[in-house]
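Subject: Handing over a structure

Hello,

I am passing on the structure we talked about, so that you can open it and look around. My notes on the pocket, the cavity and the surface come after it.

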Amino acid sequence: MPADLSGTWNLLCSDNFEGYMLALGIDFATRKIAKMLKPQKVIEQNGDSFTIHTCSSLRNYLVKFKVGEEFEEDNKGLDNRKCKSLVIWDNDRLTCVQKGEKQNRGWTHWIEGDKLHLEMFCEGQVCKQTFQRA
């Protein structure tokens, strides 16, 4: 049985967010503001259907998907690119591969102990974030 990622999660720490945003081509001013934010994730999981809200004082982002079904993702409010995304279970890790302008792009969510981990990757840059249940 895959992990249950449902819940409200607050950001504890972030490593290499700047490098990841540079790889996405995000402008200087937005990167400086985004690095100061402490976003909250609200994950709603119903079997293999997910809704993930990422909320901050700068921007909010919402993505809905079903594991194993490719979908078109509009990253408006992030790097403003569209891509084809496919999310799969890799053991207890929820992994997304995004195909579009940027190469080797995607993310992985998993739980270890009482923490939610997120690795976001793009063109060789990896950002690691850790969240705690709110």
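Below is what was found, starting with the open space and ending at the surface. Please keep in mind that this is a predicted model.

**The largest pocket**

Rolling a probe the size of a water molecule over the atoms shows where empty space is left. The largest pocket holds about 780 Å³ of space. It is lined by 38 residues, and those closest to its centre are Phe17, Thr54, Leu78, Met120 and Gln129. If you would like to trace the walls, the elements that give two or more residues to this lining are strands E1 (7–15), E3, E4, E8 (105–112), E9 (115–122) and E10 (125–133), together with helices H1 (17–24) and H2 (28–36). Which element gives the largest share of the lining? That is H1, with five residues. Sorted by class, the pocket lining has 19 nonpolar residues, eleven polar ones and eight charged ones.

**The largest cavity**

The structure also has one cavity of 30 Å³ or more. The space in this largest cavity comes to about 40 Å³. Its lining is made up of Arg81, Lys82, Cys83, Gln98, Lys99, Gly100, Glu101, Lys102 and Arg105. Strands E6 (82–90) and E7 (93–99) are the elements that give two or more residues to it. By class, six residues of the cavity lining are charged, two are polar and one is nonpolar.

**Thr130, in strand E10**

Thr130 is a residue you could look up in strand E10. Is Thr130 buried or exposed? Its relative accessibility is 15%, and buried means under 20%, so Thr130 counts as buried. Thr130 and Phe17 are 113 residues apart in sequence, while their C-alpha atoms are 12 Å apart in space.

**A nonpolar patch on the surface**

On the outside, Ile33, Met36 and Leu58 form a nonpolar surface patch, and together they have about 300 Å² of accessible area. Leu58 can be found in the loop between strand E3 (49–55) and strand E4 (60–66). Its relative accessible area is 36%, which lies between the 20% limit for buried and the 50% limit for exposed, so Leu58 is partly exposed.

A good way in is to begin at Phe17, one of the residues closest to the centre of the largest pocket, and then turn to Leu58 in the surface patch.

Enjoy looking around, and write back with any questions.

Best wishes

Note on methods: Residues numbered from 1 in each chain as written. Predicted model: local features only at pLDDT ≥ 70, side-chain atom pairs only at ≥ 80, totals over all residues. Heavy atoms only, no water. Patch = residues over 30% accessible without salt bridge, like charges linked within 9 Å, V, L, I, M, F, W, Y side chains within 5 Å. Areas by Shrake-Rupley, 256 points an atom, 1.4 Å probe, with all protein chains shown as cover. Salt bridge = Lys/Arg side-chain N within 4 Å of Asp/Glu carboxyl O. Helix = DSSP H or I, 4+ residues; strand = E, 2+ residues; numbered from the N terminus. Buried < 20%, exposed > 50% of the residue type's maximum accessible area, 1.4 Å probe, protein only. 1 Å grid on protein atoms, 1.4 Å probe; cavity = no way out; pocket = protein on both sides within 12 Å on 5 of 7 lines; lining within 4 Å. Points joined across faces, edges and corners; volume = space filled by probe spheres on them. Nonpolar A, V, L, I, M, F, W, Y, C, P; charged D, E, K, R; others polar.
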